[in-house]
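Q: Could you take a close look at one part of this model, the place where the chains meet, and describe it with care? I would also like to know about the enclosed and open spaces and the charged pairs that go with it.

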Amino acid sequence: MREGPLMLLLFRSTREVISAEEILRAAHIACRIIPVPRIISSECGMAIEIDAYDGEAVMSLLQHINPKRYDNEHTTEI
Amino acid sequence: MNLYFDNAATSFPKPPQVAAECARYLCEVGGPYGRAFYPRAVEVSRTVERAREALARFIGARDPQQLVFTANATHAINIVLKGIEFNRVWLSPLEHNALWRPLFRLLHEKGIEINILPCESDGRIDTQRCKGLLVNADDLIVINHQSNVNGVVQPLDELREIFPENRILVDAAQSAASVAFNVDKFDFAAFTGHKGLLGPTGTGALYGKNLSEVRPLIEGGTGSLSHGVEMPGFLPDRFEAGTPNIAGIFGLYGALQNYPEACHTHGELLALIDDIAAIGGISVLRASRGDHQGNLFSINCNNADPAHFARKLFDEFQIETRVGLHCAPEAHRTLGSYPGGSVRISLSPYHRAADFEYLIGAVNKCAKVL
């Protein structure tokens with residue numbers, strides 16, 4: 001990951017997270033699975049963190065999954 | 001020599017990677033499916049999802065998203081029968097108790113009507129006579145794709161054409177991996193991992209259209225929408241409450257990735273049945289036509305108790321078979337072998353011509369003394 005603003009992607013299910021991670025890795029886009037910050041959800045599962053710089057490309061690749069996007073402060077849905 | 005002929009109950013042997021993958025999960029990978037973020041949990045979740053995709057590919061399903069893991073085919077069938085509304089059901093005549101028992105409960109609790117589709121002497125559905133039936137568009141149709149008693153394969157495509165509007169549930173417990181069908185043409189299909197798919201026990205799947213409209217049979221934690229008390233509407237979570245059989249799913253993935261080429265042909269199977277049928281005193285429960293025959297059949301010997309016959313095959317020849325009604329009393333009623341049942345011979349891809357020769361010799365010797 002670069003040093004810079006990050007973006008958080010939130011998914012409905014584990015399957016969606018894993019599918020998204022595979023797509024991003026195949027596209028050589030840096031990503032990291034992290035726990036879902038409490039401030040945006042009481043979810044007990046996984047979220048994906050990416051460079052905000054890659055946001056548009058990522059959303060295009062994940063159009064069929066359509067995750068929710070949050071800014072690097074993990075507070076604001078984009 | 002492979003003397004295990006009870007693969008319709010549980011297949012054996014498995015590809016060696018099945019045990020290796022189960023052990024890899026239990027000894028090395030560990031961790032939960034979903035529910036956490038650390039690499040161990042991600043690796044488990046990734047493998048479970050790869051297994052889902054591999055199984056969808058293996059059964060020819062278009063959309064892995066519509067495939068949910070279950071404990072076995074019985075579990076998958078119960079999800080459908082208890083999760084949708086219907087007042088009347090039409091069954092193939094060779095159904096297993098996996099269907100009959102939940103339907104019997106629904107008969108008593110909800111007053112559903114149960115009808116049997118017309119069939120030929122071997123239990124294969126007579127599609128010509130089906131055309132004259134008064135079937136309502138909202139009736140459910142349930143078809144055991146391959147009988148677990150005589151191996152008859154049902155004409156799924158013709159039935160789909162005759163009943164284009166009806167919901168059809170296919171029980172593919174016995175046919176998976178050996179008789180292909182277009183799973184996307186049907187509303188629901190139930191699979192088990194531990195028979196023809198060569199996976200571990202406790203694995204199975206339900207594939208279907210519109211599964212999000214089916215009520216879940218089991219409710220509980222899914223690692224998603226945790227703030228809510230209702231089950232998620234999306235798949236696969238809607239039907240996967242509780243931690244799944246992760247070790248089993250790892251093993252099933254190992255089986256699907258390393259599925260063996262069959263060591264015998266369909267022609268050799270038919271020749272085996274013909275050779276056994278030619279033995280004096282032996283009667284065979286089989287399909288009337290070779291192209292309707294799946295990879296199992298049943299036999300009886302003179303008027304001997306099938307249990308005595310099966311015991312003799314084991315005690316003197318170490319041949320392992322399944323004896324009795326095979327949890328399918330209605331199938332045996334249809335075939336005229338109720339209540340005695342039969343001795344079932346069910347094959348695996350690992351059986352070779354030499355195993356068949358040994359089996360024929362053993363049956364021949366038993367027939368002379370029983």
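A: What follows is a close account of the contact between the chains, then of the spaces and the charged pairs.

The model is predicted, and every statement below should be read with that in mind. The contact draws 23 residues from chain B and 17 residues from chain A. Putting chain B and chain A together buries an area of about 1700 Å², to which carbon and sulfur atoms contribute 53%. On the side of chain B, the residues that lose the most area to chain A are Phe37(B), Arg46(B) and Phe234(B), which together account for 29% of what that side buries. In general terms, the accessible area lost when the parts come together is often given as the size of an interface.

Charged and polar pairs also cross this interface. There are 4 salt bridges between chain B and chain A, and one of them joins Glu53(B) to Arg15(A), with the closest N and O atoms 3.2 Å apart. Between chain B and chain A, 5 residue pairs are in polar contact, counting pairs in which both residues are at pLDDT 80 or more. The side of chain B that touches chain A is made up of 9 nonpolar, 7 polar and 7 charged residues.

Turning to enclosed space, the structure holds 3 cavities of 30 Å³ or more. The largest cavity contains about 60 Å³ of space, and of the 10 residues that line this cavity, the closest to its centre are Ser13(A), Thr14(A), Gly45(A), Met46(A) and Gly223(B), so named from both chain A and chain B. By class, the lining of the largest cavity comprises 3 nonpolar, 5 polar and 2 charged residues. The second largest cavity holds about 40 Å³, and its lining consists of Thr14(A) together with Tyr33(B), Arg35(B), Thr222(B), Asp237(B) and Glu240(B). In the lining of this second largest cavity, 1 residue is nonpolar, 2 are polar and 3 are charged. Thr14(A) is thus named in the lining of the largest cavity and again in that of the second largest cavity.

The largest pocket, an open space, has a volume of about 490 Å³. Among the 28 residues lining this pocket, those closest to its centre are Ala177(B), Ser178(B), His264(B), Asn295(B) and Pro349(B). The lining of the largest pocket divides into 12 nonpolar, 14 polar and 2 charged residues.

Over all chains the count of salt bridges comes to 26, and two of those within chain A can be described here. Glu16(A) pairs with Arg12(A), the closest N and O atoms being 3.2 Å apart. Glu16(A) counts as buried because its relative accessible area is 9%, under the 20% limit for that class, whereas Arg12(A), at 45% relative accessibility, is partly exposed. Arg25(A) forms a salt bridge with Glu21(A), and in this pair the closest N and O atoms lie 2.9 Å apart.

Key. Residues numbered from 1 in each chain as written. Chains lettered and ligands numbered in written order. Predicted model: local features only at pLDDT ≥ 70, side-chain atom pairs only at ≥ 80, totals over all residues. Heavy atoms only, no water. Contact = heavy atoms within 4.5 Å. Buried area = accessible area lost by both parts, 1.4 Å probe. Salt bridge = Lys/Arg side-chain N within 4 Å of Asp/Glu carboxyl O. Polar contact = N/O pair within 3.5 Å; in protein donor to acceptor, adjacent residues only side chain to side chain. Nonpolar A, V, L, I, M, F, W, Y, C, P; charged D, E, K, R; others polar. 1 Å grid on protein atoms, 1.4 Å probe; cavity = no way out; pocket = protein on both sides within 12 Å on 5 of 7 lines; lining within 4 Å. Points joined across faces, edges and corners; volume = space filled by probe spheres on them. Buried < 20%, exposed > 50% of the residue type's maximum accessible area, 1.4 Å probe, protein only.
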